Amino acid sequence: MSSFNKNVLEALNTIPTINFNYKIRPMINIPAFLLMLVKTPTPNSLAVMAFLFVSTIGLAQSQEILIPIHDAYLENGVRKNDETLRVENGSRVRETYLMFDLSGINGIITDLNLALTVYTDPGSGTINVYKGIGNNWTENNLSSTNKPTTSGTPLGSFTGSHTNNSIKTLVLNPSILDDDFLSLVLKHTTNSDVAFASTGPETSSIFDQAPSSKWPKLTVTFTPTTDTQDPTAPTNLTNPSIADNKATLNWTGSTDNVGVIGYNIYNQGVFFANAGNAASYETTTLTEGATYQFTVVAYDAANNLSNPSNTVSVTIPTSSSGGDFWSQTGTAVYYEGGNVGIGTSSPDQALAVKGKIHTQEVIVDLQGAVAPDYVFYKDYPLRSLEAVQKHIDEHGHLPNIPSAQEMQDNGIELKEMNLKLLEKVEELTLYILEQNKRIDQLESQINSSQR
């Protein structure tokens, strides 16, 4: 290959692949075109074809057909949201309102074409289309107070006879666009009622919904702009939860001047998986005992890549002989499948230990149990010592304390028993204080009698 041919090919390799996102526009495939260039033998033909290729890229246009995100009409100021959009100017004043979302158009808009289909109710006359001023409305709250206003001359008109199922089209000037949203208002100049198909209806409508092929449409033609800006790096990639040798990764999504369309997962800098456009990903089964160093990279439609996220290290634990029971989040290892037994094969609680437990401290949550400070309330029914004596004589144990046989049969619940014992200590404190009062009274009487 001559140096001229080589230089042309190297220059073309710097042109990004353009994927046109609407169905009617075929994808331009650069590698196939380069193959055709390689087969072209002469430098002059190469230069001409390269020029034509670059020119085609520069002039390529895309189209998107939008349906309204909101459409409804007002009848004498009352909102109507059903299968039709009506216009009339007589005893009934009906005005139709449409809102289109153009925020997803990435490029310079060159043409706008509105199409409405007459549906169920034909008519005649002039129907003016205005640009609506104000987008603070929806098809669910449209009213005479928040409806878009109009001013000046209409953008265009539908005139003549409006027969059923006929399609009315109007070319709009892109210069009317000053926002990501475009509201349009339709007004009739006569009392002839005309209905167009709507994207409705509400559930209260007695009519069938209009076919989607008849819905209002705004065809947007635009020249895609070249995007060279990288997305921001994903952040907050957290230590994943691990279950069944699979890790679930979560992170905070990236931002982009056009839009992030996906994320790639890397392990130690090598591509691992594609996560789609979600800010989370569950891996396939990982190798037991292996350590992974995961990062996440965002990309946009122009294949611009972000910087990698922070790195998380994941070590897959080795499962027991019984299977993959344990999960891990960071340094925490846990089991959610049932009861765990130590020294026993039939645990009857979340953790059953047959033997002694050696620990430095045990913390018990009350979980709704009440600490016995109620003993010191003024209205606490403290038994007399005579009543306590009678209970001991009859039952052989303190009131509100399980018997020795009950402890033998059911064991002792530490939380419950500690609270009961604290109740008895507080009751005993009250008895001692009462005894102390009586002793003081007796000492005072004795001292008085000795004087």
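A polar contact is a pair of N or O atoms within 3.5 Å; within protein, one of the two must be able to donate a hydrogen and the other to accept it. The exercises below use this cut-off on a predicted model.

**Exercise 1. Arg86**

Task: Locate Arg86, decide whether it is buried or exposed, and find which side chains make polar contacts with it.

Solution.
Step 1. Place the residue. Arg86 sits in strand 4, which spans 84-89.
Step 2. Check the accessibility. Arg86 has a relative accessible area of 14%. The cut-off for buried is under 20%. Arg86 is therefore buried.
Step 3. Look for polar partners. The side chain of Asp121 makes a polar contact with that of Arg86 at 2.7 Å. The side chain of Thr84 makes another, at 3.4 Å.
Step 4. Widen the search to contacts beyond four places in sequence. Arg86 then touches Tyr73, Arg94, Glu95, Thr96, Thr120, Asp121, Asp193, Val194 and Ala195.
Step 5. Follow one of these, Thr120. Thr120 lies in the loop between strand 6 and strand 7. Its phi is positive, about 75°, although Thr120 is not a glycine. At 44% relative accessibility, Thr120 counts as partly exposed.

**Exercise 2. Asp71**

Task: Find which side chain makes a polar contact with Asp71, and how many residues along the chain separate Asp71 from Ser198.

Solution.
Step 1. Place the residue. Asp71 belongs to strand 2, residues 70-75.
Step 2. Check the accessibility. The value is 0%, so Asp71 counts as buried.
Step 3. Find the polar partner. The side chain of Thr199 is joined to that of Asp71 by a polar contact of 2.8 Å.
Step 4. Compare sequence and space. Asp71 and Ser198 are 127 residues apart along the chain, yet their C-alpha atoms are separated by 6.8 Å.
Step 5. List contacts outside four places in sequence. Asp71 touches Asn81, Leu85, Tyr97, Leu98, Glu139, Ser198, Thr199, Gly200 and Pro216.
Step 6. Set this against the whole chain. Among contacts between residues at least 6 apart in sequence, 71% join residues at least 24 apart.

**Exercise 3. The sheet with strands 6 and 11**

Task: Work out which strands are at the edges of the sheet ordered 1-14-6-11, and how many bridges join strand 6 to strand 14 and to strand 11.

Solution.
Step 1. Read the order. Four strands form an open sheet, 1-14-6-11, with antiparallel pairing.
Step 2. Identify the edges. Strand 1 (62-66) and strand 11 each pair on one side only.
Step 3. Note the twist. From one strand to the next it averages 20°.
Step 4. Count the bridges. Strand 6 and strand 14 share eight. Strand 6 and strand 11 share six.
Step 5. Fix the register. Ala115 has Lys217 in strand 14 as its bridge partner. Thr117 stands opposite Ile167 in strand 11.
Step 6. Sort the faces of strand 11. In a regular strand the side chains alternate between the two faces of the sheet. In strand 11, Lys168, Leu170 and Leu172 form the covered face. Ile167, Thr169 and Val171 form the uncovered one.

**Exercise 4. The cores**

Task: Find which residues touch the most other members of the largest nonpolar core, and which strands each supply at least two residues of it.

Solution.
Step 1. Take the core members. There are 25 residues, and Leu114, Phe158, Leu186 and Phe196 touch the most other members.
Step 2. Assign strands. Strands 4, 5, 6, 8, 11, 12, 13 and 14 each supply at least two residues of this core.
Step 3. Check for another core. A core of 19 residues lies apart from this one; its members include Tyr263, Ile265, Val314 and Ile316.
Step 4. Inspect Phe158. Beyond four places in sequence, its contacts include Leu114, Leu116, Ile127, Val129, Leu170, Leu186 and Phe196.

**Exercise 5. The sheet with strands 17 and 18**

Task: State which strands lie at the edges of the sheet ordered 18-17-20-21, and which residue stands opposite Ile265.

Solution.
Step 1. Read the order. The sheet 18-17-20-21 is open, with four strands in antiparallel pairing.
Step 2. Find the edges. They are strand 18 (270-276) and strand 21 (312-315).
Step 3. Note the twist. The average is 35° from one strand to the next.
Step 4. Join the strands. Five bridges link strand 17, residues 260-267, to strand 18. Ile265 stands opposite Ala273 in strand 18.

Note on methods:
Residues are numbered from 1 along each chain as its sequence is written. This is a predicted model: local features need pLDDT of at least 70, side-chain atom pairs count only at pLDDT 80 or more; totals for chains, interfaces and linings use all residues. Side-chain values use heavy atoms; hydrogens and water are left out. A nonpolar core is a set of buried Ala, Val, Leu, Ile, Met, Phe, Trp, Tyr and Cys residues joined through side-chain atoms within 4.5 Å. Buried means under 20% relative accessible area, exposed over 50%, partly exposed in between (1.4 Å probe, protein chains only). Contact means heavy atoms within 4.5 Å. Two strands pair if DSSP finds at least two bridges between them. Axes are lines fitted to C-alpha atoms, for helices over the stretch in contact, and angles run from 0 to 180 degrees between N-to-C directions.
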